[in-house]
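Student: I would like to take a close look at how aromatic rings are placed in this protein. Could you guide me through one part in detail and then relate it to its surroundings?

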Amino acid sequence: MSSLVSTPFATATGAQKLGAPVPLHSFLLSRRQPAAGRGRAAAIRCAIAGNGLFTQTKPEVRRVVPAEGDGSRRGLPRVKVVYVVLEAQYQSAVTAAVRELNADPRRAAEFEVVGYLVEELRDEETYRTFCADLADANVFIGSLIFVEELALKVKAAVEKERDRMDAVLVFPSMPEVMRLNKLGSFSMSQLGQSKSPFFQLFKRKKNSGGFADSMLKLVRTLPKVLKYLPSDKAQDARLYILSLQFWLGGSPDNLQNFLKMIAVSYVPALKGANIKYDDPVLFLDAGIWHPLAPTMYEDVKEYLNWYGTRRDTNDKLKDPNAPVIGLVLQRSHIVTGDDGHYVAVIMELEAKGAKVIPIFAGGLDFSGPTQKYLVDPITGKTFVNAVVSLTGFALVGGPARQDHPKAIAALQKLDVPYIVALPLVFQTTEEWLNSTLGLHPIQVALQVALPELDGGMEPIVFAGRDPRTGKSHALHKRVEQLCTRAIRWAKLKRKTKADKKLAITVFSFPPDKGNVGSAAYLNVFSSIYSVLQDLKKDGYNVEGLPDTSEALIEEVIHDKEAQFNSPNLNVAYRMNVREYQTLTPYANLLEENWGKAPGHLNSDGENLLVYGKQYGNVFIGVQPTFGYEGDPMRLLFSKSASPHHGFAAYYTFVEKIFEADAVLHFGTHGSLEFMPGKQVGMSDACFPDSLIGNIPNIYYYAANNPSEATVAKRRSYANTISYLTPPAENAGLYKGLKQLSELISSYQSLKDTGRGPQIVSSIISTAKQCNLDKDVPLPEEGVELPPNERDLIVGKVYAKIMEIESRLLPCGLHVIGEPPSAIEAVATLVNIAALDRPEDEIYSLPGILAQTVGREIEDVYRGSDKGILADVELLKQITEASRGAVNAFVERATNSKGQVVDVTNKLSTMLGFGLSEPWVQYLSKTKFIRADRDKLRTLFGFLGECLKLIVEDNELGSLKLALEGSYVEPGPGGDPIRNPKVLPTGKNIHALDPQSIPTTAALKSAKIVVDRLLERQKVDNGGKYPETVALVLWGTDNIKTYGESLAQVLWMIGVRPIADTFGRVNRVEPVSLEELGRPRIDVVVNCSGVFRDLFINQV
């Protein structure tokens, strides 16, 4: 099922698939019988350890020991070198260099070398071997060590031997490791202190992409200057920079000369030895590389001239309208000769008729080279129709600190689809193929989650890694999938709108439970009608589109209440079994679960049925159901689950019969992305990959659901475009609850009269009729109560009513292309105003109003929760005043049609004019007339910006950008109240850097929640703290709150997260019991599937 280059690997055996349960995140390949001709030693074991799945290849494959013989007879000194790197591309070059040195009959020394991949150091046995190797090593080399917990392990091991070793060389890595550098009198031990020149370099270049680029400039210039300075310090610094030149050069020749230079300069046994070494062979820091070109190019015009005169190209490449793909490559793979996977992609693209411009950079910032080589310097137009990064890293900063705004700005200038494909880094090919998890969790964090923040999509694994040589090799079927999909995206840039075909896919939401053509918070058919009308105006062929959305529903599903099994659904196509089997290469794999085609789902007994309706070049289709509705246990536990024939036939029709240029999945959410397969890093045996085929996938997804949007992005290669959830409004009161509210108002005015007890009796009776006695302890009716108890009971009932009244409910359904009116947005603004934002020095409106009457809002909340009548009433007054002030502000920015117009100018005329400020005018009529004007002005300035974003409409515009093969700006998903950066919608929605949570703010909020919870439990538990608390971790909640739930778990057990130099959280430290002020609480954690997949590092 998976095709590899000259590698006899296979997928898991049938016994593994169907036999005894296997741990979710591992397959132990040692269970397999060895293949013919392969010894048992060939098995590679893949297991759980440390932070999750990691490679069990051993450093022994990178150990080179001199052969017994001439060297030992001559008594040649031995130089032992230990190196640690992020990726394995240096392995083959270092090995070749050392073997050639040891084979030289004129050698003055013998070299022993052993290398470690930094991820291997998670394994305790490997780490002990590493420490043992360091114990007798002469030289240590480290490069690109950016995972803090592993950096600290490297630091601890090397520090013990640093003074004894002859040389320690660390190239761009975390500062903790960089400080280990020692070359004679040259040291970086002061790195991080203001007097250190390297600190100044870090300080000027906040992101590590900038740091690496500055290092490259130093590499070019410093040796020439230092050469003429007499001091030893200057010469040692010069040799360090030369070492970096050699290392970045990466070829076996450069690495040979590097080892010779370090040995003769710093190994005492070789001082004065006759060891000659050449200067480094320098390669371009950035440029254009093609495997068939005679040289690297620094000028794009020169490259294009060479490309245009090639004689080996096919006719497709000579077509002036051939798509052009820009490729982003790592220079280290090119110079070390580990470029086979790059060559395969270039050759595949050209064979399919696409021209290529493969650019590379030696630093960690690729934004400059994309502008220099992919954009015409004269016209400013982009040379390419799509960009594919083969590095797997973020565009700026690589595996270290990223600069996403800089990356986004560069990609916006290119304005083409941006695909980030993945070479396997921390796994061998066989390990990946046999893993149900898919990619190593660290690779998911570094090479999937981070590029998504740049707007990267389609994380297709295109290259594997040989466990013995460390070299990358192309995975042919994966390369073919990547190249075909890249070309399909590129063709969207070239094809005319009138000729483009679009397949709109609708679902049943909740999946398989609701009506056909529904989605979360979305009026699907009204939205589709709005989209099609706009596309029609824009030049798309939507022939036969009816006059109303109701008529559209009638033509597609014939019944607005239709269930999926309704006989009324319009049949767009009948696919006979032979056609289905011919066009669907994986059809036979579905027979284990569903029998022979056509089956009983989406079938008339002879043909497979595709439901939907075509309008010109637009097809509106109904996605088939998952298929397991009647058998939930099978859905939950079957490891061999698969889509049914009808599901496969639908996507076969869309791709190969209708021949869609793109598919638009309409709303949250369908079943495609949840089909069986790896969690991240699909193989061609994974059903989401097989089903979506080669069709560019655009997906409208609710802005408040980034976790499942991320699943769609990673597993079905979707360009997810966010849509706004409906504005929330207070639920209000009705019937008995409204009557109860009126009784409480009467009690407040008459409680000191003789009618007080009578009214309380009515309140208790009415509260019981409304079932409030299940939430509030109420006395028996007719019991005589003293005045203070009457107040307390009324206060508790009042607090419960306010809680019910203030609950937020969505106002109707959202329609794509129709932003909310200003008044509809008031409730959202009221809730945005209710939160403190200390990082921006913005205070909540309820907090400002509470301070006006000498109270803290938290105290008011607590008093209201306890049912203190005065606090309940004050909270009601604060809530009403907050809403009134926001409403007054919005009215000033609204025209007669209820639309927000020109907020910026309206806001500037409002701010700074004292009583003319609408919120001040409103509050002057309340008890909060003395509210702090400066705090209010800051808050309402922020609310004005939020209001602009709420009513801004990018949803249609972003869809059209995607259909035109343009770049869609990325943006976070989540709760717009907590994080207004979610707005405006219409962004390519992403989650967050999984290593960034929990944030400091999340921990602060979590402490408050946990402390309150435990205090309440202590009261309910007779003064004792609970021993154990159970808690569920949800993916969406942790994205919205930046890890608040996760922080609650940590604070319960009494540990705090520690961020590294780059702000990533990879470790925790215990909080002392004195500081904690209570016992540590055991926590039983249940993770949702989405949390497990998105935050496996934290798991």
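Tutor: What follows is an account of the aromatic rings, and then of two places where helices are packed. Please keep in mind that this is a predicted model.

Let us begin with the ring pairs. The count of aromatic pairs comes to 28. One of them is formed by F619 and F653, whose ring centres are 5.0 Å apart and whose planes stand at 65 degrees. Planes over 60 degrees apart count as edge-to-face, and the pair of F619 and F653 is accordingly described as edge-to-face. F619 belongs to strand β20 (residues 618-622), whereas F653 belongs to helix α25 (residues 645-657), so this pair ties together parts that are 34 residues apart in sequence. Both F619 and F653 are buried.

A further pair is made by Y650 and Y651. Their ring centres lie 5.1 Å apart with the planes at 85 degrees, so this pair is edge-to-face. Y650 and Y651 are both buried.

Rings can also be linked into a group. Ring pairs join Y90, F171, F186, Y240, F246, W247 and F258 into a cluster.

A ring may also have a charged side chain over its face. The charged end of K153 sits over the ring of Y127, at 4.7 Å from the ring centre. Likewise, K678 lies over the face of W432, 5.6 Å from the centre of the ring.

We may now turn to a pair of helices. Two packed helices are described by the angle between their axes and by the distance between those axes. Helix α3 (residues 89-103) packs against helix α10 (residues 252-266) at an angle of about 60 degrees, and their axes are 8 Å apart. α3 and α10 are therefore oblique to each other. Their crossing is right-handed. On the side of α3, the contact is made by Y90, A93, V94, A96, A97, V98, E100 and L101; on the side of α10, it is made by P252, L255, Q256, L259 and K260. Y90 thus appears in two settings: it is a member of the ring cluster and it takes part in the contact between α3 and α10.

Finally, consider helix α38 (residues 955-963). Seven of its nine residues are buried, and the helix is mostly covered. The buried residues are E955, L956, S958, L959, K960, A962 and L963. Among the elements that cover them are helices α19 (476-494) and α20 (524-537), together with strands β17 (502-506), β21 (662-666), β22 (697-702) and β23 (718-723). After α38 comes G965, which has a positive phi, near 70 degrees.

Note on methods: Residues are numbered from 1 along each chain as its sequence is written. This is a predicted model: local features need pLDDT of at least 70, side-chain atom pairs count only at pLDDT 80 or more; totals for chains, interfaces and linings use all residues. Side-chain values use heavy atoms; hydrogens and water are left out. Buried means under 20% relative accessible area, exposed over 50%, partly exposed in between (1.4 Å probe, protein chains only). Helices (H or I, at least four residues) and strands (E, at least two) are DSSP runs, numbered from the N terminus. Contact means heavy atoms within 4.5 Å. Rings of Phe, Tyr and Trp (its six-membered ring) pair if their centres lie within 6.5 Å; planes under 30 degrees apart count as stacked, over 60 as edge-to-face and the rest as tilted. A charge sits over a ring if NZ of Lys or CZ of Arg is within 6 Å of the ring centre and within 35 degrees of the ring normal. Axes are lines fitted to C-alpha atoms, for helices over the stretch in contact, and angles run from 0 to 180 degrees between N-to-C directions. Angles under 35 degrees count as roughly parallel, over 145 as roughly antiparallel, 65 to 115 as roughly perpendicular and the rest as oblique. A crossing is left-handed if the near helix is turned anticlockwise from the far one by less than a right angle, and right-handed if clockwise.
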